Protein chains: 2
Amino acid sequence: MKFRRSERLIDMTHYLLEHPQQLVSLTFFAERYGSAKSSISEDLSIVKETFEQRGIGSLQTIPGAAGGVKYFSKVSEMEARKFIAELCEQIENPERLLPGGYLYMMDLLGHPQVIHQVGKLLASAYAGMDIDAIMTVATKGIPIAHAIASHLNVPVVVVRRDSKVTEGPTVSINYVSGSTKRIQTMVLAKRSLKEGSKVLLVDDFMKAGGTINGMISLLAEFNASVAGIAVLVEAEHDEERLVEDYISLVKLQDVNVRTSAISVVEGNYFSENIQFS
Amino acid sequence: MKFRRSERLIDMTHYLLEHPQQLVSLTFFAERYGSAKSSISEDLSIVKETFEQRGIGSLQTIPGAAGGVKYFSKVSEMEARKFIAELCEQIENPERLLPGGYLYMMDLLGHPQVIHQVGKLLASAYAGMDIDAIMTVATKGIPIAHAIASHLNVPVVVVRRDSKVTEGPTVSINYVSGSTKRIQTMVLAKRSLKEGSKVLLVDDFMKAGGTINGMISLLAEFNASVAGIAVLVEAEHDEERLVEDYISLVKLQDVNVRTSAISVVEGNYFSENIQFS
């Protein structure tokens with residue numbers, strides 16, 4: 001069966017989007033479409049150009065016999081700025097305010113397109129980096145971690161507050177919650193993380209950084225190291241933060257329970273040295 | 001700026017894949033590319049044909065002034081059969097066996113490509129149906145629910161075993177666990193589900209069906225109704241199952257702790273009347 005160029009471009013686009021950060025050989029596409037490698041090469045340069053112009057992502061071509069093409073999911077800076085501005089506006093809605101000054105966020109964390117964009121923005125910051133796994137704490141970080149994972153093509157590891165019979169042997173640590181100064185526990189199934197892994201830590205919310213710090217302690221038990229720290233929301237915090245070198249999409253500056261005013265600005269995302277598409 | 005057909009096809013493919021189950025007007029694409037609607041129409045018929053031939057999904061065209069195109073994410077039957085066979089093989093690995101006859105599944109639930117495919121297969125069964133939300137119970141159902149949601153473009157609602165201060169007022173119910181006959185609690189934030197919603201219930205594992213049944217009781221408190229039930233693994237169960245009309249990808253037939261033999265077969269997925277791409 002022979003494929004026309006238009007069909008190849010559509011199928012290639014779908015294939016690459018579904019296989020981010022994986023080397024796909026020219027031979028693979030040549031056999032898939034019954035086409036000469038020279039035609040596939042031409043197709044790929046059209047795809048590359050369009051992906052880059054339209055802010056879909058970037059395509060890296062690896063020359064030689066073992067060569068091929070690798071797709072990296074990336075946002076454009078314009079798309080990122082637009083999304084973060086919208087997010088700030090949505091989070092500032094006074095209806096989110098809960099007793100104790102907490103904010104209701106489950107609607108955003110449950111919205112597939114919001115989560116997809118959050119994942120794409122955060123993944124863009126780590127595209128092409130050497131990451132073996134993404135770690136988060138149950139439960140609100142899970143959709144964010146999976147959204148990032150779908151772009152970076154690495155597994156997600158979920159830390160729990162308590163151990164479960166369905167996980168087998170576990171490693172647990174105690175840590176001090178940054179804001180409340182209380183001792184808490186974190187548990188991770190022993191077989192869920194390989195020794196020596198490079199791990200991207202993810203959470204929905206960070207104030208003093210206690211939870212992230214707990215995950216760092218847990219990593220030490222696996223001889224694993226931190227490859228990065230990404231949070232959706234960081235909160236303004238007077239005392240010393242326990243964590244450095246993180247990326248946040250938005251920053252919660254102030255919550256005034258009396259006037260129901262919530263003040264949200266963009267996080268440190270744009271001050272990091274991110275390569276946009 | 002003018003776009004060539006090849007560029008339009010690549011960008012359209014990306015756009016449609018990112019916006020499943022949403023009506024996109026011809027005018028939108030015509031303005032996006034500065035092209036005549038007649039060219040866009042031709043583009044879309046090429047995309048439609050390729051999507052259907054390659055098992056990417058289906059494209060529904062809605063004629064008239066308010067018309068446009070809607071993309072439905074669907075697997076081909078061949079792809080579904082291949083994936084489920086691989087899944088059975090992976091789950092039968094005796095290394096999964098934990099004390100008490102439980103199976104370790106966190107590696108599969110944390111694997112982005114496995115979860116993506118699980119979501120695509122289960123979403124295919126409900127493509128185009130009238131669904132307002134997807135409900136699951138924390139924590140292992142969450143990645144599956146989100147993967148389905150990304151294809152169906154509906155929000156995910158997460159039920160918990162305990163209430164959290166960050167969720168505001170909640171509704172809670174007690175239910176009887178199907179296998180252990182113990183009384184358990186389920187909690188859902190009041191504002192996370194609209195009254196009268198049609199809800200797809202999702203879980204990673206179903207034995208007697210107690211958890212699913214608990215979710216059904218919870219729905220009643222919201223005057224909401226069941227739009228479908230989808231599970232990754234159903235387990236063979238001697239007594240009467242509490243739940244009917246569900247879809248499962250695989251069925252755990254037997255776990256022999258003495259010989260470490262795990263027997264897994266395909267679930268009822270192919271006996272349901274699913275329209276493949």
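## Buried residues and helix H8 of chain B

A residue is called buried when its relative accessible area is under 20%, with only the protein chains counted as cover. This cut-off is applied here to a predicted model. By that standard, the buried residues of helix H8 of chain B are Gly210(B), Ile212(B), Gly214(B), Met215(B), Leu218(B) and Leu219(B). The elements that cover them include strands E4, E5, E6, E7, E8 and E9 of chain B. As a general point, an α-helix has 3.6 residues a turn, so residues three or four places apart point the same way.

The length of the helix can be checked by simple reasoning. The twelve residues of H8(B), at 1.5 Å a residue, should span 16 Å, and the end C-alpha atoms are 17 Å apart, which agrees. Just after H8(B), Asn223(B) adopts a positive phi of about 50 degrees.

## Strand E8 of chain B and its neighbours

Strand E8 of chain B comprises residues 198-206, and seven of these nine residues are buried, so the strand is largely enclosed by the rest of the structure. E8(B) pairs with strand E4 (residues 133-137) of chain B in the parallel sense, over four bridges. Within this pairing, Leu200(B) of E8(B) is the bridge partner of Ile134(B).

E8(B) also pairs in the parallel sense with strand E9 (residues 225-235) of chain B, over eight bridges. Here Leu200(B) stands opposite Gly228(B) of E9(B). The chain passes from E8(B) to E9(B) by way of helix H8 (residues 210-221), and this β-α-β crossover is right-handed.

## The hairpin of strands E6 and E7 of chain B

In a regular strand the side chains alternate between the two faces of the sheet. Strand E6 of chain B shows such alternation: Val171(B), Ile173(B) and Tyr175(B) point to one face and are buried, whereas Thr170(B), Ser172(B), Asn174(B) and Val176(B) point to the other face and are not buried.

E6(B) pairs with E7(B) in the antiparallel sense, over seven bridges. Ile173(B) has Met186(B) as its bridge partner in E7(B). The two strands form a hairpin with six residues between them, and in the turn Lys181(B) has a positive phi of about 60 degrees.

## Three individual residues

Glu234(B) lies in strand E9 of chain B. Its relative accessibility is 2%, and it therefore counts as buried. Leaving aside residues up to four places away in sequence, Glu234(B) touches nine residues of its own chain, named here in order: Met206(B), Arg241(B), Tyr246(B), Ser248(B), Val250(B), Lys251(B), Leu252(B), Gly267(B) and Asn268(B). Ser248(B) is 14 residues from Glu234(B) along the chain, and their C-alpha atoms are separated by 6.1 Å.

Thr139(B) is found in the loop between E4 and helix H7 (142-152) of chain B. Because its relative accessibility is 11%, Thr139(B) counts as buried. Apart from residues up to four places away in sequence, Thr139(B) touches Ala138(A), Thr139(A), Ile142(A) and Arg160(A). Ser150(A), by contrast, is placed in helix H7 (residues 141-152) of chain A and counts as partly exposed because its relative accessibility is 37%. With the same sequence neighbours left out, Ser150(A) touches Pro20(A) and Pro112(B). Ser150(A) and Ser225(A) are 75 residues apart in sequence, and their C-alpha atoms are 21 Å apart in space.

## Chain A as a whole

Chain A contains eight helices and eleven strands. Its C-alpha trace spans about 65 × 45 × 30 Å along the principal axes. Of its 277 residues, 55% count as buried. Among contacts in chain A with a separation of 6 or more, 62% involve residues 24 or more positions apart. The accessible surface of the chain comes to about 12000 Å², and 47% of it belongs to carbon and sulfur atoms.

Two annotations for chain A come from an unreviewed UniProt entry. The record lists residues 4-72 of chain A as "domain: Bacterial purine repressor N-terminal". That span is 57% helix and 20% strand, with its end C-alpha atoms 26 Å apart. The record also assigns "domain: Phosphoribosyltransferase" to residues 108-259 of chain A. This second span is 26% helix and 35% strand, and its end C-alpha atoms lie 23 Å apart.

Terms used. Residues numbered from 1 in each chain as written. Chains lettered and ligands numbered in written order. Predicted model: local features only at pLDDT ≥ 70, side-chain atom pairs only at ≥ 80, totals over all residues. Heavy atoms only, no water. Buried < 20%, exposed > 50% of the residue type's maximum accessible area, 1.4 Å probe, protein only. Pairing = 2+ DSSP bridges. Right-handed = clockwise from strand over helix to strand, strands pointing away. Expected span 1.5 Å × (residues − 1). Contact = heavy atoms within 4.5 Å. UniProt positions renumbered as here; feature names shortened; annotations may be inferred. Areas by Shrake-Rupley, 256 points an atom, 1.4 Å probe, with all protein chains shown as cover.
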